[in-house]
Every structure is written in C-alpha cells, then in structure tokens.
Amino acid sequence: MRILMVGLDSSGKTTIVLKINGEDTSVISPTLGFNIKTITYQKYTLNIWDVSGQRTIRSYWKNYFEQTDGLVCVVDSSDLRRLDDCKMELDNLLKEERLSGASLLILANKQDIKGALTQAEIAKILKVRQRIQSLQAGKAKA
C-alpha cells in the first residue's frame, strides 16, 4: 500500500514515520523534498511517503498523488496560528480527483504540549463533521 503523509512543516510527520519504524528520533532535521520508508507488518507492506510541508513545496504535493491508497494529514495541535493554513491545505487535498479513492486519516499530533487544542476542537476548525455529511449526501445521490 502507498501511504502519503502530508502536513505543514514542523507538524511531526518525519518523527511519526520514524517512531512507527522503531528508529531513533533524537535528531531530526526538516525534510527537504521527501522520504520513503517501507514498513512490513504481518503480510502487509506499507510504503510511506513523508513529503515536506514547507509553504514553497506544498504546490508540489500533487506530484505524489498517483496510486495513493491512504492519505495521512498531520496537524500540529499546538500551532494555533496556522490552523487556517491546515484547513486550506486539507480543502485543496479533498478537491483532488487523484486522491478520491484514498482513505483519509487526520492525525492531531502534539496533543501532549500545553495549550494544544483537543481532537474535537481541531475537528471543529477543520469542519470534519460537515465534510463527512457532505460526502454521505453525495453518495446517497449516486
């Protein structure tokens, strides 16, 4: 399976991938471009594409959409100033036809930081409930 991990810079994408793979996370530098990690669990193989989230690189995310089975959108729960940017990027991702068959996970990272928003607060800001209702309404019409 091909998993695409996106999110704003410093949201914790690389740390998450390294932790899942049991690797050292003591020294991490910003991702330039992308990293690919292959993780095998039981009979499944996941190719996780960890793509840089710097503003100047986000327009290139579309180059990674083909054949994506799962999309992980990482949100820094403690970065209150940039939640509107997260919402805008999520809006753009959900409009992408090439991602229409991919499963979506919105991961509210850094919940342990003082002042971080809860999962429910982030879901409200990102309008997750409205998005689900909209998708369900679209399927009912089909």
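**Exercise 1. Work out why Cys73 is in no disulfide in this predicted model.**

Step 1. Start with the sulfur of Cys73 and look for its closest partner: that is the sulfur of Cys86, 6.5 Å away.

Step 2. Recall what we're testing for: a disulfide is a covalent bond between the sulfur atoms of two cysteines. The cut-off used here is a pair of cysteine sulfur atoms within 2.5 Å. The sulfur of Cys73 is therefore too far from that of Cys86 for a bond.

Step 3. Flip the view. For Cys86, the nearest cysteine sulfur is that of Cys73, again at 6.5 Å, and Cys86 is in no disulfide.

Step 4. Zoom out: searching the whole structure turns up zero disulfides.

**Exercise 2. Decide whether Cys73 and Cys86 are buried or exposed, then find a cavity that has them in its lining.**

Step 1. The cut-off for buried is under 20% relative accessible area. Cys73 has 7% relative accessibility, so it counts as buried. Cys86, at 10%, counts as buried too.

Step 2. Now hunt for enclosed space. The whole structure holds two cavities of 30 Å³ or more, and the largest cavity has about 40 Å³ of space.

Step 3. Read off the lining of the largest cavity: Cys73 and Cys86 are among its residues, along with Val6, Gly7, Leu8, Trp61, Val74, Val75, Glu89 and Leu93.

Step 4. Put that on the fold. Strand E1 (2-7), strand E4 (70-76) and helix H3 (83-94) each give two or more residues to this lining.

**Exercise 3. Take the "binding site" residues that UniProt lists and describe where they sit.**

Step 1. Get the names: the UniProt record, an unreviewed entry, lists Thr14 and Thr31. They're spread over 18 residues of sequence, yet they cluster in space, with a largest C-alpha distance of 7.5 Å. Both names turn up in the lining of the second largest pocket.

Step 2. Place each one. Thr14 belongs to helix H1 (residues 13-20), while Thr31 falls in the loop between H1 and strand E2 (34-41).

Step 3. Check burial. Thr14 comes out buried at 16% relative accessibility, and Thr31 comes out buried at 12%.

Step 4. Look for a direct link: the side chains of Thr31 and Thr14 are joined by a polar contact of 2.7 Å.

**Exercise 4. Which residue of strand E3 (residues 44-51) touches Thr14 and Thr31?**

Step 1. Compare contact lists, skipping neighbours within four places in sequence. Thr14 contacts Ile28, Thr31, Asn35 and Asp50. Thr31 contacts Thr14, Asp50, Ser52 and Gln54.

Step 2. Asp50 appears in the list for Thr14 and in the list for Thr31, and its place is in strand E3.

Step 3. Fill in the surroundings. Asp50 is buried, with a relative accessible area of 2%. Beyond the threonines, its contacts include Met5, Lys13, Val17, Gly33, Phe34 and Asn35.

Step 4. Check the side chains: Asp50 makes a polar contact of 2.5 Å with the side chain of Thr14.

**Exercise 5. Find which element gives the most to the lining of the largest pocket.**

Step 1. This pocket has about 510 Å³ of space. Of its 20 lining residues, those closest to the centre are Leu94, Ser100, Ala102, Leu104 and Leu135.

Step 2. List the elements giving two or more residues: H3, strand E5 (103-109) and helix H5 (128-141).

Step 3. H5 is the answer, giving the most with six residues.

Note on methods. Residues are numbered from 1 along each chain as its sequence is written. This is a predicted model: local features need pLDDT of at least 70, side-chain atom pairs count only at pLDDT 80 or more; totals for chains, interfaces and linings use all residues. Side-chain values use heavy atoms; hydrogens and water are left out. Buried means under 20% relative accessible area, exposed over 50%, partly exposed in between (1.4 Å probe, protein chains only). UniProt positions are given in the numbering used here, feature names are shortened, and annotations may be inferred rather than shown by experiment. On a 1 Å grid over the protein atoms alone, a cavity is a set of points where a 1.4 Å probe fits but cannot get out, and a pocket is an open set with protein on both sides within 12 Å along at least five of seven lines; lining residues have an atom within 4 Å of a point. Helices (H or I, at least four residues) and strands (E, at least two) are DSSP runs, numbered from the N terminus. Contact means heavy atoms within 4.5 Å. A polar contact is a pair of N or O atoms within 3.5 Å; within protein, one must be able to donate a hydrogen and the other to accept it, and residues adjacent in sequence count only if both atoms are side-chain atoms. Grid points are joined across faces, edges and corners, and a volume is the space filled by probe spheres set on the points.
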